[in-house]
Structures are given as C-alpha cells and as structure tokens.
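Colleague: I should be grateful for a close look at a single part of this model. Please choose one helix and describe how it sits among its surroundings.

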Amino acid sequence: MHMVLLSVRNLTKVYRSGLIRHKSILAVDNVSFDIKEGEILSLVGESGSGKTTTARIILRLLKPTAGSVMFMGKDIWDELRTREDLKWYWRHVNGVFQDPFSSFNPTHRIKDILLRVFNLFDENYDKDAKMKLIYEALQSVGLIPEEVIERRPFELSGGMRQRILISRIFLIKPKLVLADEPTSMIDATLRLGILKLFLKLRDELKSSIIFITHDLGLATYVSDRILIMYKGGIVEEGSPEEILKNPRHEYTRNLLDSVPKLYTSWFKR
Amino acid sequence: MAVLEVQGLKAYYMLRRGSIKAVDGVDLVVEDKSIVGVVGESGCGKSTLARAIALDITPPLKLVEGRIVIDGIEITRMPLDQARKKIAGVRVALVPQAAMNAIVPTVKIKDYIADIITEKNRDLTRKEAIDLAVKRFEELNLPIESLERYPFELSGGMRQRVLIALTTLLNPALLIADEPTSALDVSTQKIVLITIYNVFVKGLVKSILFISHDIATVRQISDRIIVMYAGKIVEIGSTEDVLHNPLHPYSKALMYSILTPELEVRGRIEKVESLMLIGEPPSLINPPPGCRFHPRCPYAMDICRREEPTLIELEKRRFVACWIYLNK
C-alpha cells in the first residue's frame, strides 16, 4: 500500500452568488493531499467545512476553481474529456452517499439497478454471467439475493438499501470509493455492520476509501489516516492515535473537547 | 419520595389499520434529585413515553392504561384537560427536540414568556413574570438581551437554551428533555447540555428524564440509564453498569457499537463481534410473540419465542427483562 493512487493539489472552489452584488464563498481553500492504494482516509469536519465539495470535485461532478486532481497519473479535469474517458474514471472511482432514498429510482427493481452497473464495463457479459456477479455482490454485503432482487427500493429498510449501494461497489470493484456520511441515517446497532463492509471492501478488493464524515468517533475507528477540515482548509492530519493523543490544532482540540465521551463526563455525577 | 412513578403504562397510536403499541407496559421510577436517561433506537417508543408523561397527548396518541404519578399526584386519575391545565408546565415540563416549532415566531421572547407564565400562574402579573425570567436568565448565564428578540433572531442553540429556561420557570418537579441536543452541531450541543445540568444543580427542577438516541450524551448527564426496545424496557441500571456491563443482548449490541473518539473504543468493539445485529426492530402494530427481541437475538431459546420475559430485579436496582437471566 505504498503507491499513490490519487493526488489532490491546491484544490480551490469558490462559489459566486448574486446577480448585481457578487458574493463569493470560499468553499475549498487550497487543499492538497494524497491517497495511497488500499488506504482508508477520512475527511472530518462540521457542515460548511468543505469536505463534501472536495468529494464532489474528486468524483468529477463539480469543476474546481483552481488546482488539480490526478488519478493514476491523469489530470481528471484536463485529460479526461470523452464519454469513454469518464466511463473509465467512474469504473475506477465511485461513491456511496448518505441518503439511500435519493440514489435510486423508486420504480426500478434492485435487479434493474444492479444490471445498469454493467454499462460502465468494457467487457461483454451474457445475462447469466451478469446475474451470477450480482448474486455474488449481494452475498458479499450479507444480503440473501433471492429476497431482494425482485423488490423495489421503497420496499426495503434503510439499512438494506445502504447494503445494496455497497453491493454496487462490490460489483464495480473500483480502485477508489468515496463514502459521504454513508451511515448517518442508520441506527447504531446496524452502523457497525455497514462499516465492517467497507473494511471488507478494502481487504478483499484492495480498494482505497475516502470517508467524508462529521463523526470523529467513526473516523478514528475506520481510518488509517484522518484529515481535519475547517472553513475549507485542512487544519490537521494524522493517524487516529496521533489525533486522539496529541491533537495539535486548536480547532481539533476544541472538537475533541466538545464530543461527548463514554469514559469521561463533563459533570461531576 | 419518587418524583415520577410509572406503572403498566400503555400509550398507543390508534390508527385505522391497527394500533401502534409504542409504549406497551412500562414501569419506571425517577427518584428525587436524579437524572435518568432513556436510550434506544428510532421507533423504540422513547419519545412517546416522553409525550405521555408530559401530558402531550393528542390523537391519534392515546393513554390506554397504566398509572403516572408525578410529584405525589396521580395524574392518570384526573381528566386529561384538567391534568394538562394543573400539571403541565407546573409540575412537569417538556423540552422537545426542535425548539423553533415550540415558540410562536411573531412574538418577542419576553412577551411569549409573559403569556405562558401568567396563564399557568394566575397570581402573577406580566411584569412579575418578566422579572422572574430576567432573574432566571441571569442564573443560567443566558444573555438578558435575548428576551427582547424574536425567536428567529436567535441561533438554534440559544433558542433551545431559552426554551429550557422558559419551561422550568415555575420550578416543575420533573423536566423531560426529549432529544434536546440532537438537531445541533457538536459545540452547541455541549452548551445546551450544560444549561440542562445547571437547571438541575441549581435546584430549579427536582429530577430530569433525559431521552436520547445518543448514549455518549446521555452518559454525560445521567445517574441511571433505561434501555428501551420495541415499546418495552429491557434493562435499567446505573449509568456505569449499563454502559460498561450491559446484561440484555440488545443492550450489549447497542452499548458496544458506540463509536466515540476514544482509544478504549476498539477494545469495546471486539465484544460486539458475535452480536452484530441484522434485521430491523419489529412492527409495533403486530409485535412478535414472546420477547420482542427474539427474531434478532443470537441467544434466542424456545421460551423466548413463546413467553414474554418480565423485568426482574437481578441485583439491587439493576433490572433486566431476558430469559437468560430469568431461567437461572
């Protein structure tokens, strides 16, 4: 896990609003970092810290104002232009998002949703081969294929929908997965099972994963390395142990101090 | 004397397709000068319990049976509208999750307080009510200027703190806080929690029932923790015991899956490996027979599928409802 897979350099995004009196918001401010093969990295910050904007630029859904994203040696905004280029990119860089409701067309069956994944592939599979791969992917995420394949998203619980989204990733086998608050709508007892799937994804497919989260506890559990974002910039970087034991930036210290803990209390009880 | 006693409480949502048994036979006690946390995941009935005790009972929610005694008064023996008039806001107060919805947006905070307080206590004039509020705001370190503001001019955290000051102005015996911090960002959550704690240590209320899905937050403030699952209490004990030595299989799964930024958490998670839950909580219209947790429980036995376990006192003030312990 030493090769750099993706590198972000001096990434900046300015949003402009207003027709007459222009107002600029610096959403991402000169952000640079690398992610290595097989590494799990978390971008941690509160709302407005720029973490989701950074993720959307990396997914090539949003154009940066300045700076670059290099994936496997290619600048994703300058060098990937054709439909074929983009298909190649999304085959290798894909995402799992917060709200499983909005990610699916509610009238489509799970089978149709997963069959569509094959549009990203160059290889030609026959129907049987496709279904076999879909079954394997559903089993990888702890679902019983026969029970879900003919159903529609609204017939499934939130936890199952999130598992379907992750099975999509097991099917695509991308080199990099962006997971934006993938468990924030899921109850605590099911959250851990979902997080374990991401660890399995890394172990089995050697994928790199970028977690986007406001939850420092979640980040310290799943990550190899954590970047703390504040007002568009990265203010601190370190391993979970380093961040917990020796937070250097004042913002990180305040954040750690504000999060309720299990082993200490703010009050004398 | 206990500030709150609940016995055999059933509160259902009466719908055309059946009744949702959100609180289905709950017994609990909140002692004087204590803070009791109620935890559980969405749909376990904890918010319905809060509404029932705070007399916030409007259709389709209905009190089906059971006793509620607050500060020595058995409110379940009074007609609901009379109980609401005499008890709500005076003996028991509720701080809900989203304070914005609870405050009328077109009235200044001080006028709103005057309206509420003079209605609850007819002996007070508007001026006296506002003076009381000024004194209380000082006591709780809230900016006095906020009394002159409209609700929308205050930040989310400040609105929540103002609501806490307002609902406790008449020194109710029991404060019920239902997810009071969950709509706020982390730094604001802490300030709101400190305000709730101050209401308690300054003796403005006798006891607090603190309801939240966020166990790390509950742990900060509570002496005792009640764990609910599918409309029932499954476990009660001291905060330390329930947190670090849970007994019920559901409590174990819940307590050991909390991810806080602490080095100890990795060690905790190993304890949950064999308890990784699948599936979802059951329908509360047609809950499963026997123990409601049995379809998801890795230790389920025959008896769990047939008979419902009762909540027993396993050790002193340590309660659990599980056949594993009942059979011993």
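Modeller: The account below follows helix 5 of chain B and the salt bridges around it. The model is a predicted one, in which local features need pLDDT of at least 70 and side-chain atom pairs count only at pLDDT 80 or more, while totals for chains, interfaces and linings use all residues. Residues are numbered from 1 along each chain as its sequence is written, chains are lettered from A and ligands numbered from 1 in the order in which they are written, and side-chain values use heavy atoms, with hydrogens and water left out.

Helix 5 of chain B covers residues 126-139, 14 residues in total. Helices here are DSSP runs of H or I with at least four residues, strands are runs of E with at least two, and both are numbered from the N terminus. From first C-alpha to last, helix 5 of chain B reaches 20 Å, close to the 20 Å expected at 1.5 Å a residue; the expected span is 1.5 Å times one less than the number of residues.

Ala129(B), Ala133(B), Arg136(B) and Phe137(B) are the buried residues of this helix. Buried means under 20% relative accessible area, exposed over 50%, and partly exposed in between, with a 1.4 Å probe and protein chains only. Viewed down the axis of helix 5 of chain B, the buried residues fall within an arc of 100°, so they line one face of the helix; the arc is that of the directions from the helix axis to the C-beta atoms. They pack against helix 4 (109-120) and helix 6 (156-167) of chain B, contact being heavy atoms within 4.5 Å. The face turned away from the buried side carries the exposed residues Lys127(B), Lys135(B) and Glu138(B).

Two salt bridges involve residues of this helix. A salt bridge is a side-chain nitrogen of Lys or Arg within 4 Å of a carboxyl oxygen of Asp or Glu. Asp115(B) and Arg126(B) form one, at 2.8 Å from N to O. This pair links helix 4 of chain B, which holds Asp115(B), to helix 5 of chain B, which holds Arg126(B), the two being 11 residues apart. Asp115(B) is partly exposed at 37% relative accessibility, and Arg126(B) is partly exposed at 38%.

Glu139(B) and Arg136(B) form another, at 3.6 Å from N to O. Being 3 residues apart in helix 5 of chain B, they are separated by about one helical turn. Glu139(B) is partly exposed at 30% relative accessibility, whereas Arg136(B) is buried, with a relative accessible area of 8%.

After the helix comes Asn141(B), whose phi is positive, near 55°.
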